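Visitor: I would like a close look at one part of this chain, followed outward into its surroundings. Please take me through it step by step.

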Amino acid sequence: MDDEYAKLIRRMNPPRVVIDNNACEDATVIQVDSVNRHGILLEVVQVLTDMNLVITKAYISSDAGWFMDVFNVIDHDGNKITDKEDIDYIQRRLESNASFAPSLRGSVGVMPSEEYTSIELSGTDRPGLLSEVCAVLSDLGCNVVNAEIWTHNARAAAVVHVTDESTGCAIKDPTRLTTIKDLLCNVLRGDDDLKTANMKLSPPGVTNRGRRLHQIMFADRDYERVGGTGVGGVENKSPRPHVTLFDCIQKEYTVITMRSKDRPKLLFDIVCTLTDMQYIVFHGVVKTGRMEAYQEFFIRHVDGLPISSEAERERVAQCLEAAIERRASEGMELELCTEDRVGLLSDITKIFRENSLCIKRAEISTKGGKAIDTFYVTDVTGNAVDPKIIDSICRQIGHTILKVKKHNSNTSPPKAPQGTTMGFLFGNLFKARSFQNFKLIRSYS
């Protein structure tokens with residue numbers, strides 16, 4: 001009965017979206033007003049992220065059953081969104097109840113689509129792992145049409161879409177699917193994997209691919225530091241985000257402030273993690289600078305209570321750090337663009353492996369018969385790759401096919417906020433309250 005009543009309220013009060021190019025000099029301002037419910041913030045941010053919009057600022061408020069958020073967005077070239085078709089499309093997506101689909105969590109099933117079979121993988125990261133996975137898929141007559149691969153804290157996860165080499169459609173034969181699963185599990189397990197390797201066939205289109213990767217790595221507990229090391233015991237040299245938790249006693253919120261290097265999809269990754277951990281953002285501020293991003297959220301658990309235990313505070317901080325780090329662009333960025341063919345990804349990753357390159361993250365796609373792939377690579381020690389090796393690989397593959405886009409060198413870690421026990425961005429929300437109502441719990445960095 002409660003669910004039906006909530007649906008009625010949402011139908012009577014559809015989302016209202018205002019898109020304004022005059023309110024801000026350097027960004028398009030998008031305001032979304034709607035009936036509040038758990039997960040709606042993630043759904044709105046996901047729409048903006050899926051359209052490749054960059055969120056430079058955000059103001060979030062969802063108290064008293066109403067959701068009122070403002071986002072400043074630009075395109076990837078740093079410009080406002082001025083094309084009328086783009087603006088109309090954004091408005092339709094945000095106002096459509098269909099775009100606010102119920103959140104899906106938990107288990108996945110065995111259900112290939114008509115177009116492709118979706119495979120989810122997780123296991124211990126090691127040099128050459130992606131090459132071995134691609135070789136198995138190629139030998140089994142599977143063509144990789146889309147994929148995204150993440151590595152973090154000695155763990156690896158991937159969502160891979162494959163088709164049958166002979167038909168170009170999804171693989172449906174149960175015996176063949178079992179063979180694929182068994183062989184991939186053997187590759188993921190390796191010789192000394194202390195954790196269980198996993199391979200699942202998942203329903204297509206059920207969950208955003210980025211969100212699904214977060215869920216896979218969260219289930220794999222990649223947020224637990226293993227002696228501060230990465231692949232093969234190599235120390236992770238990347239700067240760590242700064243996460244701080246406060247108690248706002250009078251208002252019964254837990255306050256989380258985060259300071260990290262800015263990057264695309266950062267807000268989505270953080271909100272995704274909080275939502276899947278069953279936390280609701282009641283108020284928030286997001287601000288990005290040239291290099292850094294500052295975020296502050298006032299949250300409670302879905303049961304209406306703030307975080308009450310030290311163990312849960314530490315777990316939330318670790319999970320948010322992991323969410324920030326998983327998609328970080330570590331290493332040299334290489335872009336491959338060529339005619340697609342069966343076995344192409346296997347051949348490319350084999351060349352990387354033979355030249356001692358370690359793939360930290362990868363995005364694989366095919367459009368109009370062309371393969372458009374992006375790889376972030378380091379050497380096996382986690383350091384920058386020797387330019388001579390890259391030049392040799394480019395000559396072997398073809399300079400017009402494989403290009404160096406940029407090198408993402410490590411920068412100094414973000415500084416902790418100074419001289420206050422209140423939130424450094426959103427502190428004025430309760431400025432009439434005394435400082436004694438805020439209790440600093442712990443700073444995690």
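Guide: In this predicted model, a good place to begin is the pairing of strand β1 with strand β2 (residues 28–35), which run antiparallel and are joined by 5 bridges. Within that pairing, Asp20 of β1 has Val29 as its bridge partner in β2. Strand β1 itself spans residues 16–20 and has two unlike faces: Val17 and Ile19 make up the covered one, while Arg16, Val18 and Asp20 lie on the uncovered one. Asp20, the residue bridged to Val29, therefore belongs to the uncovered face of β1, where covered refers to residues under 20% relative accessible area.

Val29 also leads onward from the strand pair, since it appears in the surroundings of Phe71. Setting aside neighbours within four places in sequence, Phe71 is in contact with Thr28, Val29 and Ile30, and also with Leu41, Val44, Val45, Leu48, Ile55, Lys57, Ala58 and Leu267. Phe71 is, together with Phe297, the residue that touches the most other members of the largest nonpolar core, a set of 48 residues. A second core, separate from that one and made of 46 residues, includes Ile119, Leu344, Val385 and Leu402.

Ile119 points to another strand, β5, which covers residues 117–124 and is mostly covered, with 7 of its 8 residues buried. β5 pairs with strand β7 (residues 155–164) in the antiparallel sense, over 8 bridges, and in this pairing Ser118 stands opposite His161 of β7.

Seen against the whole chain, these strands are part of a set of 17, accompanied by 10 helices. The chain has 445 residues, of which 49% count as buried, and its exposed surface amounts to about 21100 Å², with carbon and sulfur atoms supplying 50% of that area. Where contacts link residues at least 6 apart in sequence, 74% of them join residues at least 24 apart.

A last point concerns the cysteines. The structure holds 0 disulfides, a disulfide being a covalent bond between the sulfur atoms of two cysteines. Cys142 counts as buried because its relative accessibility is 3%, under the 20% cut-off, and Cys248 is likewise buried, with a relative accessible area of 2%.

Methods:
Residues numbered from 1 in each chain as written. Predicted model: local features only at pLDDT ≥ 70, side-chain atom pairs only at ≥ 80, totals over all residues. Heavy atoms only, no water. Buried < 20%, exposed > 50% of the residue type's maximum accessible area, 1.4 Å probe, protein only. Helix = DSSP H or I, 4+ residues; strand = E, 2+ residues; numbered from the N terminus. Pairing = 2+ DSSP bridges. Core = buried A, V, L, I, M, F, W, Y, C linked by side-chain atoms within 4.5 Å. Contact = heavy atoms within 4.5 Å. Areas by Shrake-Rupley, 256 points an atom, 1.4 Å probe, with all protein chains shown as cover. Disulfide = S-S within 2.5 Å.
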